[in-house]
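Me: I have a model open on my screen and would like to talk through how its parts pack together. Could you walk me through it?

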Amino acid sequence: MARDGDLPTIFNPKRVRAPSVIITSEEVENERGGGDGERINGPPTPLSPRAPLTPQASVCSAPPLTTQPSLQQAYSESAASSQDEERQLRDKKCPRSCCSKFAKKIYYGICVTVTLTSSWVTVTHCTKHMYLEEYEPSVQEITYSTDSSVIYSNISAKFQTHQQYNAPFFTAWFCTNWLILFYPLYLIVMLIHNKCKSANDIVFDAFSDFREKGFTFARFISRCGLFCLLWVVTIYMYIYSLKILLSTDVVALFATNVSCIYLLSWVILHEQFVGVRIVAAILCDTGIALLAYMDGITGSSTLGGVVLSACAAAGFAIFKVLFRKVMGEVNSGQRALFFSILGIVNASLLWPLCLALYLTGSELLPSHRMPWIYLLVTSIASLIFHLAFQFGNVITYNIFVSLSLITAVPVSAALDVVLYDVQFEGMKLSGIILIAVGFFLVMFPDNWPDYIMRLLRWSRRRQRGHDGSGRNRDAMDYRTGYIRSHLRSPSGRVR
């Protein structure tokens, strides 16, 4: 008759743990027929190890299995678990060491910030230099005449029409064409990183992801066309403002897009309301107003340049928020594909507008000596900036990407002082400082009061935690059970 402890083994096999060694029916018979006088249900001995029979062995008498594979598996599992424990222990001991994931992200973030700052300053100053440089006409273009006044008038006309570079829309169109390289560069990186997939598979995955979101081909191209128009208008206003203002003023005004992004995200994307960011937006607007009136109200084009720069910052914020609203959450492949198609739409649809502006005389290009070197440097630096700005958060924290917009201000100011002997003082300096303060306030996290409360509690604990003798002032007196307090006397009365 079976014991009470055997019933769960037969009727509830889930409670049984399968052993690594299975005793077959032959071994059971040998144990029963042994002459050592051992009981059937007695305790196991080293000479005759016994293990509980599994349901398979007790019912159908499975063939004997060797113990070597199970032992190897158990050894490998134990080794893997020990390695995981050692790795976790190492990460706990040195979470901020030079080789930890946190430290690597910090290093990558510094590199991304330096890359973004240098590329953005290069774009701004090269564009400004194209406006300031004089392009002398060639000798063959000078028309000779017997009348000296006619000669002078012809030469002055040539200088007025071809001496200066004045083509902001052409510059914006030319720089936007380089966005076509977004997806080819992404394909190269992915093929090097992941050798198991082909280029066709990567492209098919990107298009299939957009198809799963409900985008048809016509709808996707129409969205790209609208975003392309917004993009080109934003870049055009930024480049045109460089014709009026200094590079540092334009860079500082463009940095106010972070406050515009927060306000639009709060209204359109319904993000969390943070009061300090509203204060930051007010400070940024105050800085814009100071820069607008730094050269007076009448007889100056500064106000128009400031308005163009502020509109460029607002246009960039609208582009970023609408992209998130319309396209949703996208991966790196979808983002790269979108910007490449944006560049293709720009190159194929907007070139007639560039030609029309040139033929009507609205934009002037020095045809005898085009500044191709500065245009190429500006376009390549702009491509590097947008690549790092769009994909920098993949390898580091997003705050390092955003910091590049404000770190470009002192670098650009140093170049303005060295190259053009600019003096930053008065309303100009105050406006830049207010914009910088507003920028850093926008970068505050959502739960910034918690960090301040922790800092205050820590400082308060350090101040009143220990007295001169080294004992804790608020510690309990274990002899009397009295907790020292500044509000009550030892008798319990309120002081």
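**Burial and helix packing**

Reply: Happy to! Of the 495 residues in the chain, 33% count as buried. Please keep in mind that this is a predicted model.

Me: How many helices and strands does the chain have?
Reply: Let's start with the secondary structure. The chain has two strands, and its helices number 20.

Me: What share of the contacts with a separation of 6 or more comes from residues 24 or more positions apart?
Reply: Here we look at contacts in the chain whose partners have a separation of 6 or more. Among these, residues 24 or more positions apart account for 77%.

Me: How are helix α5 and α17 oriented to each other?
Reply: Helix α5 (residues 101-132) packs with α17 at about 150°, and their axes are 8 Å apart. An angle over 145 degrees counts as roughly antiparallel. The orientation of α5 to α17 is therefore roughly antiparallel.

Me: Which hand does the crossing of α5 and α17 have, and how many charged residues are in their contact?
Reply: α5 passes α17 in a left-handed crossing. By class, their contact has 14 nonpolar and seven polar residues, and the number of charged residues is none.

Me: How are α7 and α17 oriented to each other?
Reply: The axes of helix α7 (residues 168-177) and helix α17 (residues 372-391) come within 9 Å and cross at roughly 50°. On the α7 side, the contact is made by Phe170, Thr171, Phe174 and Cys175, and on the α17 side by Trp372, Leu375, Leu376, Thr378 and Ser379. By class, the contact has six nonpolar, three polar and no charged residues. Given that crossing angle, α7 and α17 are therefore oblique.

Me: Which helix gives the largest share of the largest nonpolar core?
Reply: The largest nonpolar core has 88 residues, and those with the most contacts inside it are Phe170, Met327 and Phe338. Methionine 327 touches residues including Phe210, Phe215, Phe220, Phe227 and Phe338. The largest share of the core, 11 residues, comes from helix α10.

Me: Is alanine 292 buried or exposed?
Reply: Alanine 292 is found in helix α13 (residues 275-292), and it touches Thr302, Leu303 and Val306, not counting residues up to four places away in sequence. The C-alpha atoms of alanine 292 and leucine 303 are separated by 4.8 Å, although these residues are 11 residues apart along the chain. Buried means under 20% relative accessible area. At 5% relative accessibility, alanine 292 therefore counts as buried.

Terms used: Residues are numbered from 1 along each chain as its sequence is written. This is a predicted model: local features need pLDDT of at least 70, side-chain atom pairs count only at pLDDT 80 or more; totals for chains, interfaces and linings use all residues. Side-chain values use heavy atoms; hydrogens and water are left out. Axes are lines fitted to C-alpha atoms, for helices over the stretch in contact, and angles run from 0 to 180 degrees between N-to-C directions. Helices (H or I, at least four residues) and strands (E, at least two) are DSSP runs, numbered from the N terminus. Angles under 35 degrees count as roughly parallel, over 145 as roughly antiparallel, 65 to 115 as roughly perpendicular and the rest as oblique. Contact means heavy atoms within 4.5 Å. Ala, Val, Leu, Ile, Met, Phe, Trp, Tyr, Cys and Pro count as nonpolar, Asp, Glu, Lys and Arg as charged, and the others, Gly among them, as polar. A nonpolar core is a set of buried Ala, Val, Leu, Ile, Met, Phe, Trp, Tyr and Cys residues joined through side-chain atoms within 4.5 Å. Buried means under 20% relative accessible area, exposed over 50%, partly exposed in between (1.4 Å probe, protein chains only). A crossing is left-handed if the near helix is turned anticlockwise from the far one by less than a right angle, and right-handed if clockwise.
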